[in-house]
Amino acid sequence: MAEYLTQAELAKRLDVSTRWIRELRGMPREPQGYPWPECLHWFIEYQSDKKARINEETEEGSLELRKLEAEVRILEVKLAKEEGSVVSLDDLEKLLSAPLYRLRAKLLAMPSKWAPALVGCRTIAEAQARLEAAVEEAMRSLSEEGEEDPEDYADEAERAA
């Protein structure tokens, strides 16, 4: 047997305002009043649906926010590229490849180039001085400005090896 409540009693049991109950659509109501516990079951289902809607909206809002943040980051990267404050990996590789090929070629060529100069050395200090001169020469030639084809250095390194 259902117990029938007034609007004020129902509001008190559900811990909501009477205004909220008046404005609520779908709450079970009969001429005798609000049937209890059907109103409680309806209220629990309503709150669950409301929570699900809020979660869904929050997830959609969160996805939208993440999408906007990603678009902003993409635009920031494009702007940085246009301003020249960002270097692409391809450009960096092109920038570094020539000096690295030259360094590799010089290092591979050093033993065959300098071995004869070390043969006549009488002391370790004399050999070390000649090697230091060789390293200094290689470093100086690497630091000199000049646009040379990295493939030339690769060929030189292969000949040296």
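Patches, as used here, are made of residues with over 30% relative accessible area and no salt bridge, with nonpolar side chains joined within 5 Å. Keep that in mind for the first exercise, and remember that this is a predicted model.

**Exercise 1. Which residues make the nonpolar surface patch, and is L95 buried or exposed?**

Step 1: Pick out the members. V87, L89, L92, L95, L96, L100, L103 and L107 make a nonpolar surface patch of about 790 Å².

Step 2: Take L95 and place it. L95 sits in helix α4, which covers residues 89–119.

Step 3: Check its accessibility. L95 has a relative accessible area of 59%, and the cut-off for exposed is over 50%, so L95 is exposed.

**Exercise 2. Work out what the overall fold of the protein chain looks like.**

Step 1: Count the elements. You get six helices and two strands.

Step 2: Put them in order. Starting at the N terminus, the pattern reads β-α-α-β-α-α-α-α.

Step 3: Ask how much is tucked away. The protein chain has 161 residues, and 18% of them count as buried.

Step 4: Look at the surface. About 12,800 Å² is exposed, with carbon and sulfur atoms supplying 55% of it.

Step 5: See how far contacts reach. Take the contacts between residues at least 6 apart in sequence: 55% of these join residues at least 24 apart.

**Exercise 3. Test the length of helix α5, then find where its buried residues fall.**

Step 1: Do the length check. Helix α5 (residues 124–143) has 20 residues, and at 1.5 Å a residue it should span 28 Å; the end C-alpha atoms are 28 Å apart, so the two agree.

Step 2: List the buried residues. In α5 these are A127, A134, A138 and L142.

Step 3: Look down the axis. The buried residues of α5 fall within an arc of 75°, so they line one face of the helix. The spacing rule helps here: an α-helix has 3.6 residues a turn, so residues three or four places apart point the same way.

Step 4: Flip to the other side. A125, M139 and S143 are exposed residues on the face of α5 turned away from its buried side.

Step 5: Find some of the cover. Helix α4 is included in what covers the buried residues of α5.

**Exercise 4. Which parts of the chain do the salt bridges link?**

Step 1: Get the total. There are five salt bridges in the structure. As background, side chains of opposite charge can pair when their charged atoms come close.

Step 2: Take E3 and R13, one of the pairs. Their closest N and O atoms are 2.9 Å apart. The pair ties strand β1 (E3) to helix α1 (R13), 10 residues apart.

Step 3: Move on to E137 and K113. Their side chains meet in a salt bridge at 3.2 Å, N to O. This pair links α5, home of E137, with α4, home of K113, across 24 residues.

Step 4: Compare with R130 and E126, whose closest N and O atoms are 3.0 Å apart. Both lie in helix α5, four residues apart, about one turn of the helix.

**Exercise 5. Where do the backbone oddities at P37 and D15 sit?**

Step 1: Start with omega. The peptide bond joining W36 and P37 is cis, with omega about 15°. P37 lies in the loop between β2 (34–36) and α3 (38–83).

Step 2: Turn to phi. D15 has phi near 60°, a positive value in a residue other than glycine. D15 is in the loop between α1 (7–14) and α2 (18–23).

Step 3: Check the exposure of D15. Its relative accessibility is 70%, so D15 counts as exposed.

Notes
Residues numbered from 1 in each chain as written. Predicted model: local features only at pLDDT ≥ 70, side-chain atom pairs only at ≥ 80, totals over all residues. Heavy atoms only, no water. Patch = residues over 30% accessible without salt bridge, like charges linked within 9 Å, V, L, I, M, F, W, Y side chains within 5 Å. Areas by Shrake-Rupley, 256 points an atom, 1.4 Å probe, with all protein chains shown as cover. Salt bridge = Lys/Arg side-chain N within 4 Å of Asp/Glu carboxyl O. Buried < 20%, exposed > 50% of the residue type's maximum accessible area, 1.4 Å probe, protein only. Contact = heavy atoms within 4.5 Å. Expected span 1.5 Å × (residues − 1). Arc of directions from axis to C-beta.
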